[in-house]
Every structure is written in structure tokens, then in C-alpha cells.
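Trainee: I am new to this structure. Could we go through some of the terms used for it and ask what stands behind each one?

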Amino acid sequence: MRWNKLLTLLAVVTVVGVAMWFAFLPPIKNIPWLPVTKHVRLGLDLQGGVHVVLQAVDTPEAKVTPQAMKQVLAILQERVNRFGVTEPIIQQQGARRVIVELPGVKDPDEVVNTLIRTAFLEFKTESGEVIVTGRDLKEAREAIDPATNQPVVNLTFNAEGAEKFKKATEENLGRPIGIYLDGKLIQNPVVKSVIPDGKAQITGYRSLEEAHRVAVLLQSGALPVKLEILEKRTVGPTLGADSLHKSLFAGAIGVAAILIFMLLYYRVPGLIADFCLGIYALLVLLVFVALKATMTLPGIAGYLLSFGVAVDANILISERIKEELRSGKSLRTAVDHGFKYAFRAIFDANVTTVLGALVLYYFGTGPIRGFALTLAVGVIASFLTAVTMTRWLLRLVLDTGLIKNPKLYGA
């Protein structure tokens with residue numbers, strides 16, 4: 001028996017076991033980043049959210065056209081992205097309607113007010129002359145004013161706007177210049193000096209979040225057409241929660257059956273395959289958290305499908321090892337040849353699956369992309385664990401000299 005190999009094997013089993021224990025069922029409570037499973041984001045079908053239907057209407061100033069609807073979709077998408085909502089669904093329905101679904105958002109009124117506000121910015125003199133507008137804006141960012149410790153929105157105008165602003169401050173020294181947002185006077189500061197760099201500041205917000213919303217609206221621009229609200233409602237997670245519970249229960253039963261089958265039928269290779277499938281599950285979970293991927297029911301389906309691909313790879317390897325042993329090869333040779341001959345089939349199957357997932361991700365939207373992402377990540381992780389970790393551990397077990405009977409390897 002080679003003690004250094006045995007100690008290495010024990011160390012690997014201990015480290016992986018402790019990592020999985022802490023990741024899924026941490027023994028120590030009140031650690032913010034544990035368990036890792038709570039950091040996986042859930043989609044609209046699993047945690048609920050807001051469903052809003054908007055209708056574009058004609059006005060004397062702006063008619064609804066296909067180009068205007070494209071601009072509406074782009075502006076809404078930009079606003080939602082800037083608010084940090086994950087896995088939003090924003091799609092056009094017919095010629096004039098837009099459906100917006102945002103997971104994790106609980107207040108439909110706030111969403112509507114944020115999404116369809118025009119946020120038209122104007123700077124006006126005492127006589128009502130408009131100096132600059134939101135069209136002259138280069139950047140709008142929320143911040144905390146270090147002098148007052150109050151939230152503000154810092155504005156930076158483009159070159160043309162900066163020149164207009166400089167000229168206006170020169171002509172209005174000692175007089176106020178009003179800042180209007182959607183026609184409402186927000187601030188009316190007195191010009192104390194010429195401002196040549198095109199920078200201004202809006203104050204009067206109750207929180208940094210409110211300042212952030214206004215900054216996003218200003219930065220994303222005004223909507224090209226008027227939108228009316230046809231429907232707004234909060235979507236509960238009941239259907240998703242039920243489906244999730246049933247899916248997890250079915251998945252747990254299926255995974256347990258697979259692990260038992262692998263252990264009983266393939267013995268040592270099956271035991272190592274089960275161990276590597278645990279590593280695979282942990283690896284995929286960490287990748288999902290790192291990518292901030294949003295898990296939906298189709299995403300869970302992709303995850304379980306990739307688990308099946310991982311099992312297939314390990315079964316293929318174990319079968320090839322059995323064939324080599326039955327042909328009279330030694331244990332070491334059978335393991336090496338088993339991986340060598342199984343590699344090509346595993347590689348081909350995994351590449352075609354990943355290519356299919358990439359096509360789905362490129363052309364798909366919403367849940368379809370979630371399914372494709374989880375499937376691709378799972379297949380890549382299964383390939384790495386099957387052809388590297390399983391092989392290394394099998395060789396390590398052989399090097400320890402603990403198990404030498406070929407029948408325990410499937411012969």
C-alpha cells in the first residue's frame with residue numbers, strides 16, 4: 001500500500017465532502033454567503049414578479065410607427081437593465097402593444113411609473129426661455145453630495161449643450177435658472193458664476209434610489225410615443241413554487257436511483273463516478289452563482305438534462321473499462337484504454353449538445369435562453385469532471401493498492 005497516495009485520496013474526499021456540506025447544508029448558521037444555493041437567482045415563474053401590458057397610442061405630436069415601437073422597446077430594455085432587473089421579458093405584441101415581465105419586482109405601480117415616464121428635462125430662464133433640454137445631455141449620474149450628504153443627480157451636457165449653458169449663465173448672472181423635470185419645477189438656483197464646463201446638479205431627492213431612477217430616465221431618453229397601461233398585476237410564484245417542489249422531489253428521487261445503480265452495477269468505477277457527479281453538481285452551482293444566471297423551470301430542465309449527459313459519460317467509461325478487463329487486460333491498462341476509447345464518443349456527444357445549446361441561446365429569448373445556458377454550462381462541467389477528475393481518481397485508487405480485485409471494477 002502506498003501511503004502517500006492513500007493520504008492524497010483521503011484529502012481529496014475530505015475537501016470535496018466539506019465543500020459540498022458547506023455549500024448545500026452548512027453546519028454553521030448566520031454566514032451571509034452560505035449556503036451557496038440561496039445565491040442562485042430565480043425567474044418570474046419561480047419567485048413571482050410584475051406583469052404589465054402597455055399600449056402605444058397616437059397623439060397629434062407623435063404617431064405610432066414600426067420604427068417608433070422599436071425605439072420604445074430599446075428604451076424600455078435600457079431602463080430595465082439599468083435598474084438591475086435580471087431575466088426581464090420585454091416583447092412586442094401586435095403592432096402597438098408591449099408586454100413587460102420583471103421577476104422579483106413586487107410593486108407594479110412603481111414599475112409602471114418608472115418605465116413609461118417621459119423624464120423630459122428643461123433648464124429655463126425667469127422669462128421662460130428654454131436654455132438646454134435632455135437632448136443636450138451627455139451623462140446623468142446619481143451621487144451623494146459630500147457637502148450636504150444629500151442625494152443628487154449630477155448632469156454633464158454635450159459640447160453643444162455646454163456652450164448653451166455657458167452662454168445662459170453669462171447672461172443670467174445673479175438671476176435664477178429653473179430646472180424642470182416633466183414640466184415640474186425641481187430646483188430654481190441662482191447663478192453665482194459662469195459655468196463653462198456644462199455641468200449641473202439636481203437636488204431635492206429623498207433617497208439615493210430616487211436619484212438613481214431619475215438619472216436612469218434622463219440617460220435613457222424620452223419615449224417616442226405615448227404609452228397607456230392596459231394591464232398591470234403582480235404575478236404570484238404559486239404555480240412556479242408547486243412546479244419547483246415537484247421538480248426537485250422528482251429530481252432527487254431520480255438522482256438517488258442513478259447513484260445507487262452506478263454503485264451497484266459498476267462498483268469501484270461507479271463509486272468514483274458518483275463522487276465526481278457530486279463535484280459536477282457543486283461546480284455547476286458555483287458557475288451559476290458566478291455568472292449571476294437566473295434559474296427558471298426551463299433552466300432546471302436544462303440542468304437535469306446535463307446531469308443525464310454526465311451520467312452517460314461515466315457509464316460509457318465504465319463499460320469500456322469492463323470490456324477491456326474481460327479481454328484480459330490488467331487493471332491499469334484497462335482503465336487507460338477505457339478512457340482512451342470512450343473519450344472520442346464523449347467529446348463528440350458533448351460538442352454537438354453544446355452547439356445546439358449555443359444556437360438556442362443565440363436565437364432564443366427569456367426561458368429558452370435560460371434552458372440553453374444551464375444546458376451548456378452543465379455539459380461543459382460534466383465533460384471536464386468525467387474525463388479529468390474521474391480518470392485521476394481511478395488512477396489514484398489503483399496507486400493506493402487498496403482495491404486490486406478486477407471483479408470490483410466490473411470484470
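Mentor: Gladly; what follows is a short round of questions on a predicted model.

Trainee: Why is Ile 90 called buried?

Mentor: Buried means under 20% relative accessible area. Ile 90 has 15%, so Ile 90 counts as buried. This residue lies in strand β3, residues 89–93. Its contacts beyond four places in sequence include Leu 73, Leu 76, Val 98 and Val 100.

Trainee: And what makes Phe 347 partly exposed?

Mentor: The label partly exposed covers values between the 20% limit for buried and the 50% limit for exposed. Phe 347 has a relative accessible area of 37%, so the label fits. You will find Phe 347 in helix α10, residues 331–363. Together with Phe 343, Val 351, Leu 355 and Leu 358, Phe 347 forms a nonpolar patch on the surface, with about 440 Å² of accessible area in total.

Trainee: How do you know that β5 and β9 are paired?

Mentor: Two strands pair if DSSP finds at least two bridges between them. Strands β5 (residues 121–124) and β9 (residues 178–181) are joined by four bridges, and they run antiparallel. Within this pair, Glu 122 stands opposite Tyr 180.

Trainee: What makes β6 and β10 edge strands?

Mentor: The open sheet has four strands in the order β6-β5-β9-β10, with antiparallel pairing. β6 (130–133) and β10 (184–187) each have a single partner strand, so one side of each has no neighbour in the sheet. From one strand to the next, the twist averages 35 degrees.

Trainee: Which helix lies across β5 and β6?

Mentor: That is α5 (residues 159–171), which runs at about 150 degrees to β6.

Methods:
Residues numbered from 1 in each chain as written. Predicted model: local features only at pLDDT ≥ 70, side-chain atom pairs only at ≥ 80, totals over all residues. Heavy atoms only, no water. Patch = residues over 30% accessible without salt bridge, like charges linked within 9 Å, V, L, I, M, F, W, Y side chains within 5 Å. Areas by Shrake-Rupley, 256 points an atom, 1.4 Å probe, with all protein chains shown as cover. Salt bridge = Lys/Arg side-chain N within 4 Å of Asp/Glu carboxyl O. Helix = DSSP H or I, 4+ residues; strand = E, 2+ residues; numbered from the N terminus. Buried < 20%, exposed > 50% of the residue type's maximum accessible area, 1.4 Å probe, protein only. Axes fitted to C-alpha atoms, helices over the stretch in contact; angles between N-to-C directions. Contact = heavy atoms within 4.5 Å.
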